[in-house]
Amino acid sequence: MNDKAPKKVRKSKAPKDKASETKTPKAKVSEATVSDKKKVLVLGGGFGGVYAAKALERLGRGKLDVELVNANNYFVFQPLLPEVAAASIHSADAVVPLRQLLRRVQVRQAEIMGIDFDAKKVIVVQGTRRIPVDLTYDELVLALGTSVDLKRFPGLPEHALTMKDLADAHRLRTHVIGCLETADVTDDPEVKQSLLTFVVVGGGFSGVETVAEMRELVRRALKYYPNIKPEEIRVYLIEYANRILPTFPADLAEYATRRLQIHGIEVLTGVGTKSATGTAVELNDGRIIPTSTIVATIGNGPHRLVETLDLDMHWARIKTDRYMRVPGRDNVWALGDAALIPLVDDPKEDPADYATQTAQFAVREGRQLAANIIAKLNGTEMKPFAYTSKGSLASLGMSKAVADVYGFKLSGTLAWLLWRGFYLSFLPGFAAKLRVGVTWLLNSVMPPNIVQVQSTPPATRYIHYRKGDRVFEPGMLIDGFYTVIRGAFRLTIDNPESGEHFEKVFEPGEHFGERVLLRSALRTGLVVALEDGLLLFIAQKDFTRFARAFPFLDNYFKDYIERTFGGADKSFAPGSTNSKTELETLP
Ligand SMILES: Cc1cc2nc3c(=O)[nH]c(=O)nc-3n(C[C@H](O)[C@H](O)[C@H](O)COP(=O)(O)OP(=O)(O)OC[C@H]3O[C@@H](n4cnc5c(N)ncnc54)[C@H](O)[C@@H]3O)c2cc1C
C-alpha cells in the first residue's frame, strides 16, 4: 500500500483551522494518477449504501476514490431491531462500525443537508461546529432509505414510538420496562390498565416481529413485578388489511395469527388507526383502546431530504431506470428503500414490477449498481437490475417463526431455527455474529435484562387530547407550561377552606399552567379537554430559564396572573413569578 500517493484536491469550503472536522480523505492505493481517479460519493450507510461502497471499492480499486457519508458511524442491521427492543440482544449487537465494515472506503460521519446537482456537490455538516462543508463528486449514489411519515393519523407522530433505527428500539425497550415499573406500584386501576396495554400498528413483518418480541419481554419480565397479574396484560396488533404478513402465503399468515393469539396478542385485522393521544388510540371503527404504548411500524414516507431534491418520485421513492440511474440527472444513481427500481422493461402500476423494499434486495442492488458504475466508467455494457426474492422469514416469539424460502413453506421451531441461522449468517462481520450468537445462547438460560436506562423526553413537545381527557389535576407535581394550539380546555380551581371557586376556558393562543409553575409546588387546579385538542408543552425547567432570562416575561406573567386570577387577596394568586423561584441557581 502506497500511503504517500498524492492526495486528490477537493473543492471544499471547509475552514482550514479545524482539521479534525474537515479532514480530506486519505489517498488510496493507486497506480493511477490523481487526475485519473474518479470520486464516487455514496450517501447513506444502510444495506444499500454499504454493499454498493464495498463493491465499488473492490471493483474499482486504484481507479476510484470511494467515500460513504452516514449520519452515524455505524451500520444498523434493521432485522434485529425488534430483538433489541425485547432485550434479547444488546443494542450494540445489532450495529457494526462502518469503519470496520468498509476498511478501504473513506467513511465520513456527517449529516447530509443538501445536494447541488449542477455543481456536483453535496453539502454536509459534521462535528460540533456545524459549519456546512461541500463534498464534490463524479458519481453520486443515493441510498438514504425512507423516513417515517405518520402525518395522516392525528396524534400518531407525537405519541407513537417507531421502529426504524437503534434509538427507536432502545426507546421502546426502556418505555416498556418503565410501564411495568409504574404499573407495579400505582394505586390507580385506570392508569394501571393503560400502562399494561401495548398496541402495535402494522401487520407487516416488522410489526409482527415487534409485537411478538415485546410480548416476550413482558412475559419474561413479569416474575419480577409481583403486583402485576399476567391476565392484566393486553397486547394488540392492528392491521388495516384483512390479514397480517401480506408478503407471505395465506396459510403461513394464518399460522402466524394463531401463534400470536396463543401468546395472548389480540390480532385486529381489517381495521385502521384513526388517531392517537398520550392515553389512547382510536380505531376507524370507533373503538378506543386506552394505552400508554403505541408502536407504529407503518408510514414509510419519502426521505425528508430526497423529497426536496426535485427528483421524479413515485410511491414516495425516486424513480430510476433498470440500471439504477436517476433519469434527468447525469451521474446520479439510487438504490435501496429510497429508490423505485423497475424489474421489467415496461413496468405497470403493479408493485410486483419493482424491486421490494427489503435488505435482501438492497444488498443485490448495491452490488449491481457498483458494477454498473464501473462499466459506465470503463465504457463497457451495464446490466439491468434483476432479482427474484428467495423468500421471507418472520419470527413470532416463543421460539416459533414462519418461513417461505425457495418455495418451501415452514412454520414452528424449525422455521425459527432457520430464521436465527439465516440472520446470523447475514449479519456482517465475524465479531457481530459471535456476539449475537453468544447472547442468544445466554438469553435462553438467563433472566431478561430489565434495567431501565432513563431517557429524557424533549423539553418542548405537542400533546394531543381527546374530549374529556385530564391535562392535570390537583395534587399532581407541576410539570410544565401549556399553550393551546387547537381545541378548548377548562381550568377549575376550588379552595375547600375559603370556598372560593375559579373557572376559565382556554382557547387557541391562550396558555395555562404558569400560575404555580414558577414555584416548586403541586398543582391546585384541574384542566379538562372540552373537545379534541392539541397543546404545546414546555417543560418547567426550560420555562423558568426563559422567564428568568427575559424580565419582560416575568412582568407579562405577573400582570397576566393578576388579571386572570385576581390580586394577592385571592388564595390562588401566587404573587410574582420570579420571587419564589428556587428551582435552579444561575450558572
Ligand atoms: C424493524 C425492521 C425489520 C426489518 N426486517 C427485515 C427482514 O427481516 N428482511 C429484510 O430483507 N428486510 C427487513 N427490513 C427492511 C430492511 O431493513 C430495509 O429494506 C433496508 O434497511 C433498506 O436499506 P437502505 O440502505 O435502503 O436504507 P437504510 O438501511 O434505512 O439506510 C439509510 C441510511 O442513510 C442514513 N441517512 C439517512 N438520512 C441521512 C442524512 N440526512 N444524513 C446522513 N445519513 C443519512 C441513515 O442513517 C441510514 O444509515 C426491516 C426493516 C425494519 C425497520
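This is a short tour of the ligand shell, one helix pair and two loop residues in a predicted model. Local features need pLDDT of at least 70 and side-chain atom pairs count only at pLDDT 80 or more, while totals for chains, interfaces and linings use all residues. Residues are numbered from 1 along each chain as its sequence is written.

**Stop one: the ligand.** Select the 32 residues around the ligand (C-beta, placed from the backbone, within 6 Å of it); Gly44, Gly46, Gln78, Gly145 and Gly336 come nearest. By class, this shell holds 15 nonpolar, 14 polar and 3 charged residues (Ala, Val, Leu, Ile, Met, Phe, Trp, Tyr, Cys and Pro are nonpolar; Asp, Glu, Lys and Arg charged; the others, Gly among them, polar). Among the elements supplying at least two shell residues each are helix 2 (47-59) and helix 10 (359-378); helices are DSSP runs of H or I, at least four residues, and strands runs of E, at least two, numbered from the N terminus.

**Stop two: helices 2 and 10.** Show these two together: they pack at an angle of about 35°, with axes 7 Å apart (lines fitted to C-alpha atoms over the stretch in contact, angles running from 0 to 180 degrees between N-to-C directions). The residues of this contact divide into 14 nonpolar, 2 polar and 2 charged.

**Stop three: two loops.** Go next to Asp310, between strand 19 (300-301) and strand 20 (313-314), where phi is near 60°. Is Asp310 buried or exposed? Asp310 counts as exposed, with 10 C-beta neighbours inside 10 Å (exposed is 12 or fewer, buried 20 or more, partly exposed in between, with C-beta atoms placed from the backbone). Finish at Met398, between strand 24 (391-397) and strand 25 (400-405): its phi is near 50°, and Met398 is partly exposed.
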